[in-house]
Amino acid sequence: MEKKVIVIGGGLAGVEAAYQVSKRGIEVDLYEMRPQIMTEAHTTGFLGEMVCSNSLGSCSISSSSGLLKKELEMLDSFFLKIAEKNRVPAGNSFAVDRMKLAEQITYELKSMRNVNLLNKEIEELPEKDIPVIIATGPLTSWEFAKSLTKTTMRKNLFFFDATSPIISAESIDYTKVFYASRYNKGEADFINIPLNENQYNDFVYDLINAEKVEIKDFENNIFFEACLPVEEIAQRGEKALAFGPMKPVGLIDPQTNKMPYAVIQLRQDDTKKNFYQLIGFQTRLKWREQKRIFRKFPGLENAKFERYGRMHRNTYINAPLLIDRFYQSKKSKNIFFAGQISGVEGYVESINSGLLAGIFASKKILNKPLYNLPEQTASGALINYISQANWKDFKPTKFTFGLLPDIKVKKINKRTKKELKAKIAIEGLDKWIKKADI
Ligand SMILES: Cc1cc2nc3c(=O)[nH]c(=O)nc-3n(C[C@H](O)[C@H](O)[C@H](O)COP(=O)(O)OP(=O)(O)OC[C@H]3O[C@@H](n4cnc5c(N)ncnc54)[C@H](O)[C@@H]3O)c2cc1C
């Protein structure tokens with residue numbers, strides 16, 4: 001067998017997979033269709049572009065994304081190493097300058113001797129006797145998605161997500177907002193827009209009655225729960241936003257010395273602080289409606305929208321039917337899936353699955369045994385879940401502590417329990433790294 005792996009898609013999962021294969025001395029053909037063919041969400045031709053939020057989540061290992069990042073670090077994640085060099089301040093969160101990060105990832109991968117970057121859309125699965133990692137993401141090109149339906153996917157599944165607007169920093173009226181991090185944890189990195197009860201109620205009314213982008217031409221109108229559009233949350237009850245993305249707890253408005261009724265938080269989107277993103281404000285409102293409604297927020301009266309929130313398509317396979325615990329197709333052992341298309345959800349999860357698919361594909365080509373990841377690890381729990389969930393109702397899944405096996409300890413609070421689970425996960429992964437010779 002030729003000692004080469006093909007990676008299709010140079011997004012978060014694809015670049016990580018390509019690096020892992022390459023660092024094991026195996027040649028990689030990495031196909032990325034951008035910039036010739038763009039997706040609905042990417043804006044550059046760079047590899048590893050984060051299309052929406054610039055945050056990789058919390059850094060605390062007792063948080064889901066924190067533990068997953070810790071495991072990525074232990075597994076020598078390429079994406080995380082470069083991300084570290086492009087961090088921007090965001091309290092206890094790991095936020096980055098998305099563009100600089102993507103530019104550097106592209107540069108680094110292009111400089112690797114055994115990585116061949118081919119800017120070309122793949123329309124059909126290559127018929128070669130070598131491992132292929134499919135990492136074409138939620139916005140997999142139509143041609144390729146169609147051909148996958150014929151070969152590997154039992155059924156094409158689509159649902160919708162939405163992205164948040166980004167505002168130019170110079171267009172914000174800073175006399176009406178305040179800088180703070182929740183509970184004053186870390187630096188005061190976020191811009192906060194305080195709302196009183198009337199302003200909040202007016203906003204909820206506006207949202208519910210605003211014109212939205214119609215959903216058509218697709219099979220389902222299903223939103224992913226962790227990325228619900230604000231107007232969808234507003235529909236669920238008048239206080240739903242105040243308990244969700246607009247919750248004010250831990251924030252005191254210095255002008256009134258009180259906690260506001262509700263808050264809109266803005267997070268720095270680039271190192272130069274030119275742009276800020278409305279946190280949790282994914283939306284499918286029509287653009288003119290976004291301008292009309294969000295400009296009613298104090299401080300945003302003259303906001304310039306660098307990017308409006310928008311809807312997007314999400315393509316993924318029915319993982320429990322199609323893949324095993326090595327992100328490997330059950331039917332065709334040369335095919336691996338990685339990233340969002342494999343049935344995981346989120347940046348960190350996509351990087352994690354790319355990393356593992358890269359390792360497993362390399363092991364296969366080197367005729368080395370594959371070892372199951374311990375279920376006590378975040379990485380193991382995630383692939384266990386997506387490969388064994390109920391296929392009838394399968395949806396892309398984020399890692400949560402709930403996926404880890406329970407531990408029986410008496411009188412312990414939730415946080416301490418998570419810390420204990422995290423410790424077990426780290427020890428388990430350490431053992432696996434040694435046993436599986438990673
Ligand atoms: C609009 C949007 C917003 C999102 N926001 C967030 C968020 O804020 N936070 C979060 O955690 N997750 C978010 N996600 C979910 C997910 O984490 C990201 O989509 C993540 O980038 C998935 O990584 P991936 O590698 O699977 O796909 P991608 O990073 O999208 O990479 C797939 C790559 O494959 C390429 N490609 C597609 N088809 C072909 C083909 N036929 N031939 C060659 N190349 C091809 C694409 O151009 C792309 O570069 C969002 C998803 C979308 C679509």
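User: Which residues come nearest to the ligand, and what makes a residue count as near?

Analyst: In this predicted model, 35 residues surround the ligand, and Glu 32, Arg 34, Gln 340, Gly 346 and Tyr 347 come nearest. A residue is near a molecule if one of its heavy atoms lies within 4 Å of it. Local features require pLDDT of at least 70 and side-chain atom pairs pLDDT 80 or more, while totals for chains, interfaces and linings use all residues. Residues are numbered from 1 along each chain as its sequence is written, and side-chain values use heavy atoms, with hydrogens and water left out.

User: What makes the approach of Glu 32 to an oxygen atom of the ligand a polar contact?

Analyst: A polar contact is a pair of N or O atoms within 3.5 Å; within protein, one must be able to donate a hydrogen and the other to accept it, and residues adjacent in sequence count only if both atoms are side-chain atoms. A polar side-chain atom of Glu 32 lies 2.6 Å from an oxygen atom of the ligand, so the pair meets the distance limit. For Arg 34, the separation between a polar side-chain atom and a ligand oxygen is 2.8 Å. Ser 141 places a polar side-chain atom 2.9 Å from a nitrogen atom of the ligand.

User: How much of the ligand's accessible area does the protein cover?

Analyst: The ligand has 960 Å² of accessible area on its own, of which the protein covers 96%. Such areas come from the Shrake-Rupley method with a 1.4 Å probe; for residues, only the protein chains shown count as cover. Helix 1 (12–23) and helix 10 are the elements that give two or more residues to the shell around the ligand.

User: What makes the peptide bond between Arg 34 and Pro 35 notable?

Analyst: The bond joining Arg 34 and Pro 35 is cis, with omega about 0 degrees. Pro 35 belongs to the loop between strand 2 (27–31) and strand 3 (55–58). Helices (H or I, at least four residues) and strands (E, at least two) are DSSP runs, numbered from the N terminus.

User: Why is Ser 329 called buried, whereas Lys 411 is called exposed?

Analyst: Buried means under 20% relative accessible area, exposed over 50%, and partly exposed in between (1.4 Å probe, protein chains only). Ser 329 has 3% relative accessibility and therefore counts as buried, whereas Lys 411, at 88%, is exposed. Asp 76, at 23%, is partly exposed. Ser 329 sits in the loop between helix 9 (319–322) and strand 16 (335–337), and a polar atom of its side chain lies 3.0 Å from the backbone nitrogen of Ser 332.

User: How does the span of helix 12 compare with the one expected?

Analyst: Helix 12 (residues 414–435) has 22 residues and reaches 31 Å from its first C-alpha to its last, close to the expected 32 Å. The expected span is 1.5 Å times one less than the number of residues.

User: How do you know that the buried residues of helix 12 line one face?

Analyst: The buried residues are Lys 421, Ala 422, Ala 425, Gly 428, Leu 429, Trp 432 and Ile 433. Seen down the helix axis, they fall within an arc of 135 degrees, so they line one face of helix 12. The arc is that of the directions from the helix axis to the C-beta atoms. Lys 431 and Lys 434, on the other side, are exposed.
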